[in-house]
Amino acid sequence: MPDVRHDSSITEFQQKRGGDSAAFFLPFLTPDVTLLDVGCGPGTITAALAEIVGMAIGVDIESNAIATANRLAARAGLTNLAFVEAEMAALPFEDETFDAVFCHAVLYHQSHAMLTRTLAEARRVLKPDGLLGTRDADVGGNILHPELDGVRLALELWQRWYEHDDPDALRFGRRQSSILRAHGFTPVWAGASYVNHSADAASRIEAVADARRSLLGLGPQLLRKALATDDEIQAALAGWDAWGRDPDAVYFRCRCECVARKD
């Protein structure tokens with residue numbers, strides 16, 4: 001079983017993701033499409049996609065995330081929406097099952113071997129000429145003001161948690177086209193967008209609350225794995241508090257997007 005880097009603080013944050021995260025992919029989808037959302041988390045994006053396509057299935061290795069997703073599906077009453085607990089590198093589906101596969105914020109933190117396996121599985125379950133849509137982080141594109149040391153440290157601690165083995169992993173987003181091409185896909189569209197954590201005072205308050213919840217949730221695990229010290233965690237918390245007190249503070253997280261066709 002692979003090391004799962006997914007806990008309640010991550011699931012809570014993911015529940016705030018919605019249709020905006022898949023907006024770039026919608027022009028490529030039609031009502032007759034059968035779609036797989038890989039690494040679906042609590043299912044918010046999958047549910048939004050289910051309103052566009054014929055069938056949407058979400059998979060995630062984390063049982064708590066799937067339980068949350070199933071509750072969402074029950075509330076939504078969507079008959080074309082389902083969730084399955086499964087590993088993205090060993091999908092429980094037949095070859096050429098799906099017209100489209102979607103991956104949001106799941107590829108950039110994978111090891112090279114895991115990334116290769118995941119994309120091979122996505123390619124396997126796609127029908128001929130099927131489409132893969134990916135949206136992932138690029139820390140080099142983030143916009144932050146003021147650039148407080150504590151906030152920068154908080155972002156670094158998050159990256160330590162994923163223990164990247166690729167020195168270019170933090171700029172994964174801008175390399176999606178070349179990475180997908182190297183794994184048997186032909187990119188047909190590329191773009192980028194930002195997640196705005198500072199639209200107004202309420203957004204900044206929410207951003208600080210999210211950051212604190214994440215740091216406090218991951219803190220014990222970071223300490224246990226010797227990936228951070230308590231002083232570092234406290235400095236990161238203080239940095240976010242200071243950022244939140246600045247009425248002109250901004251934080252825009254870059255997300256790069258790519259649509260590729262199975263060769």
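In the predicted model, helix 5 passes helix 7 in a left-handed crossing. The two helices pack with their axes 11 Å apart and at an angle of about 50 degrees, which makes helix 5 oblique to helix 7. On the side of helix 5, the residues involved are Ala154, Leu157, Trp158 and Trp161. They meet Ser214, Leu215, Leu218, Gln221 and Leu222 of helix 7. Sorted by class, the contact of helix 5 with helix 7 holds seven nonpolar and two polar residues, and no charged ones.

Helix 5 also packs against helix 8, where the angle is about 130 degrees and the axes lie 7 Å apart. This arrangement likewise makes helix 5 oblique to helix 8, since oblique covers angles that are not under 35 degrees, not over 145 and not from 65 to 115. The crossing of helix 5 past helix 8 is left-handed. Helix 5 contributes Gly150, Val151, Leu153, Ala154, Leu157 and Arg160 to the contact, while helix 8 contributes Glu232, Ile233, Ala235, Ala236, Gly239, Trp240 and Trp243. Nine of the residues in the contact of helix 5 with helix 8 are nonpolar, two are polar and two are charged. Ala154 and Leu157 appear in the contact with helix 7 and also in the contact with helix 8.

The largest nonpolar core comprises 52 residues. Leu36, Val101, Leu132, Trp240 and Trp243 are the residues with the most contacts inside this core. Helix 5, spanning residues 149–162, supplies the largest share of the core, namely seven residues. A second core, separate from this one, has 23 residues, including Phe25, Ile45, Leu72 and Phe83. In soluble globular proteins, nonpolar side chains tend to be buried together. Trp240 and Trp243, listed among the residues with the most contacts in the largest core, also take part in the contact of helix 8 with helix 5.

Several backbone features fall in loops. His145 and Pro146 are joined by a cis peptide bond with omega of about -10 degrees. Pro146 lies in the loop that runs between strand 6 (143–145) and helix 5. Glu96, although not a glycine, has a positive phi of about 55 degrees. Glu96 is placed in the loop between strand 3 (81–85) and strand 4 (98–104), and its relative accessible area of 43% makes it partly exposed. A positive phi of about 55 degrees is also found at Ala105, again not a glycine. Ala105 sits in the loop connecting strand 4 and helix 4 (112–125). With 23% relative accessibility, Ala105 is classed as partly exposed, because the buried class requires a value under 20%.

Asp99 belongs to strand 4 and is partly exposed, at 22% relative accessibility. Setting aside neighbours within four places in sequence, Asp99 is in contact with Asp32, Val33, Thr34, Leu126, Lys127, Gly130 and Leu131. Between the C-alpha atoms of Asp99 and Val84 the distance is 18 Å, with 15 residues separating them in sequence.

Two threonines in helices are buried. Thr46 lies in helix 2, which covers residues 44–50, and has a relative accessible area of 0%, so it counts as buried. Outside the residues up to four places away in sequence, Thr46 touches Asp37, Cys40, Ala56, Ile57, Gly58, Leu81 and Phe83. Phe83 is also one of the residues of the second nonpolar core. Thr118 is located in helix 4 and is buried at 2% relative accessibility. With residues up to four places away in sequence not counted, Thr118 touches Met88, Ala89, Leu107 and Gln110.

Ala226 is exposed, with a relative accessibility of 66%. Ala226 is situated in the loop between helix 7 (201–224) and helix 8 (230–245). The C-alpha atom of Ala226 is separated by 34 Å from that of Leu180, and the two residues are 46 residues apart along the chain.

Notes. Residues are numbered from 1 along each chain as its sequence is written. This is a predicted model: local features need pLDDT of at least 70, side-chain atom pairs count only at pLDDT 80 or more; totals for chains, interfaces and linings use all residues. Side-chain values use heavy atoms; hydrogens and water are left out. Helices (H or I, at least four residues) and strands (E, at least two) are DSSP runs, numbered from the N terminus. Buried means under 20% relative accessible area, exposed over 50%, partly exposed in between (1.4 Å probe, protein chains only). A nonpolar core is a set of buried Ala, Val, Leu, Ile, Met, Phe, Trp, Tyr and Cys residues joined through side-chain atoms within 4.5 Å. Axes are lines fitted to C-alpha atoms, for helices over the stretch in contact, and angles run from 0 to 180 degrees between N-to-C directions. A crossing is left-handed if the near helix is turned anticlockwise from the far one by less than a right angle, and right-handed if clockwise. Contact means heavy atoms within 4.5 Å. Ala, Val, Leu, Ile, Met, Phe, Trp, Tyr, Cys and Pro count as nonpolar, Asp, Glu, Lys and Arg as charged, and the others, Gly among them, as polar.
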